[in-house]
Amino acid sequence: MSNKTQEILEKYTASVMPTYTPSVVLASGKGVTVRDVDGLVLYDFTSGIGVHNVGHCHQKVVKAIQDQAARLTHASNLFATEPATELAGKLVELSGLGGKVFFCNSGAEANEAAIKLARRWGSQNGGRYEVVTFRQGFHGRTLATVAATAQAWCQAGYDPLPVGFAYADFNDIESVKAAITGKTVAIMVEAVQGEGGVMPATKEFMEGLRALCDEKNLLLICDEVQCGMGRTGTWFAWQGYGIEPDLFTLAKSIADGIPMGALVSNAKLADVFTPSSHASTFGGNPVAAAAALAVISVIEEEGLLARATEVGGLFREALQGFVEKYDKLLEVRGVGLMLGLVVDGDPKEVVDALREQGVLALTAGGNTVRFLPPLVLKEEDLEEATDMISDALDCVFGE
Ligand SMILES: *Cc1c(COP(=O)(O)O)cnc(C)c1O
């Protein structure tokens, strides 16, 4: 570790609470690469945890942010703005659900809004409030979303957690049926679990959830915070399953790094929140909304939905090759450019070796190396990164 990195990390550890333990200090990013403070260039196959779907500092997004920052940076929601209004219309159109949007600032906050909206609707529909979520799922770090996240490492030390959640097994419709009671109001699911290990739902499971919600008058909530905005090859991952949720949430990749969250409803739930029943001072911030509008037009103009599928297919093949080569690599999972390499062992060892070779990747679910490269990834960059991944795997698993 060189001087500048060392120097900043020492100051960081002295004054930033140790919720994260970084070993790289980033200075800039461009497209699919980032540069650290010592000038080292790395492939960013984390996309800032699924944020930079259009790559770092896309010129259209940069321009939109700069122009809006010079015009108006905040309007408090007591006053409307053009960017947020236009963005809401665009999200409703892309969803095809005919509903409305509530804007906030993060994934946790978007899921909180979804849970609150479901409870509010449930209070008017049989006094129901319980939300069924899934083991290995992830929904955020506020108290309610931690209660919704059925994972011990996320909940430890935070008792008492808010009540009103029941847990079921992912891809197991019978366990969902068993978790439903007279108090159940909604089922919240990631179509592709991210933090839990890059685990896609099966088509039968998503269809089964929709049918169950219709039969029992429950709301289906899709958490699209990680798998949304084109990552899996459709605007929203649920669209790849041929079902429609009642509510879905977005955040991470919506505005290419400017903090923003959104809750999108269908027509039935469009007016459940009424004046003052829910709020967020920064929600729909005009700079974030301008960035999000630029992100959507870049995805459209550059055909990034199709690219996620195409380049994702090539990357998947390359990873499958490694699975065949090394006994310690068990499986490739995922959809589009949301891919997981399942390891018999500690995935952190692989992630560290990848960084040494020049590729940033993530862990997930205790045994998975997670790749979330920007959707603008070109074939030649993928080839170069694949060579680096090959070298890293050879360091860890080679004879
Ligand atoms: C990251 C994530 C969240 C939480 O988003 P924050 O912006 O960190 O609050 C919620 N759900 C899923 C699926 C996520 O991946």
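**Exercise 1. Strand β7 and its partners**

Task: In this predicted model, find which residue stands opposite Val 189 in β10. Then place β7 between its partner strands and decide how far it is enclosed.

Solution:
- Step 1. Start at Val 189. Its opposite number in β10 is Cys 222.
- Step 2. Count the links on this side. β7 and strand β10 (residues 219-223) are joined by 4 bridges. The two strands run parallel.
- Step 3. Turn to strand β5 (residues 130-134). It is joined to β7 by 3 bridges, again with parallel strands.
- Step 4. Pick a pair from that link. Val 131 has Ala 186 in β7 as its bridge partner.
- Step 5. Check burial. A residue counts as buried under 20% relative accessible area. In strand β7 (residues 184-189), 6 of the 6 residues are buried, so the strand is largely enclosed by the rest of the structure.

**Exercise 2. The sheet that holds β1**

Task: Give the strand order of the open sheet of 4 strands. Then explain why β1 and β15 each have one side without a neighbour in the sheet.

Solution:
- Step 1. Write the order: β1-β2-β3-β15. The pairing is mixed.
- Step 2. Look at the edges. β1 (26-30) and β15 (359-360) stand there, each with a single partner strand, so one side of each has no neighbour in the sheet.
- Step 3. Examine the β1 edge. β1 pairs with strand β2 (residues 33-36) over 4 bridges, in the antiparallel sense.
- Step 4. Fix the register with one pair. Ser 28 stands opposite Arg 35 in β2.
- Step 5. Recall the bonding behind such pairing. Strands of a sheet pair through backbone hydrogen bonds, in either a parallel or an antiparallel sense.

**Exercise 3. The ligand shell**

Task: Describe the residues around the ligand by class. Then list polar contacts of the ligand and state how much of its area the protein buries.

Solution:
- Step 1. Collect the shell. Among the surrounding residues are Ser 106, Gly 107, Asn 111, His 139, Glu 190 and Asp 223.
- Step 2. Sort by class. The shell has 3 nonpolar, 6 polar and 3 charged residues.
- Step 3. Find the main contributor. Helix α5 (residues 107-123) supplies the largest share of the shell, 3 residues.
- Step 4. Apply the contact cut-off, N or O atoms within 3.5 Å. A ligand nitrogen is 3.2 Å from a polar backbone atom of Phe 138. A ligand oxygen lies 2.7 Å from a side-chain N or O atom of Gln 226. For the side chain of Lys 252, an N or O atom is 2.7 Å from an oxygen atom of the ligand.
- Step 5. Finish with area. The ligand taken alone exposes 380 Å², and the protein buries 82% of that.

Notes: Residues are numbered from 1 along each chain as its sequence is written. This is a predicted model: local features need pLDDT of at least 70, side-chain atom pairs count only at pLDDT 80 or more; totals for chains, interfaces and linings use all residues. Side-chain values use heavy atoms; hydrogens and water are left out. A residue is near a molecule or strand if one of its heavy atoms lies within 4 Å of it. A polar contact is a pair of N or O atoms within 3.5 Å; within protein, one must be able to donate a hydrogen and the other to accept it, and residues adjacent in sequence count only if both atoms are side-chain atoms. Accessible areas come from the Shrake-Rupley method with a 1.4 Å probe; for residues, only the protein chains shown count as cover. Ala, Val, Leu, Ile, Met, Phe, Trp, Tyr, Cys and Pro count as nonpolar, Asp, Glu, Lys and Arg as charged, and the others, Gly among them, as polar. Buried means under 20% relative accessible area, exposed over 50%, partly exposed in between (1.4 Å probe, protein chains only). Two strands pair if DSSP finds at least two bridges between them.
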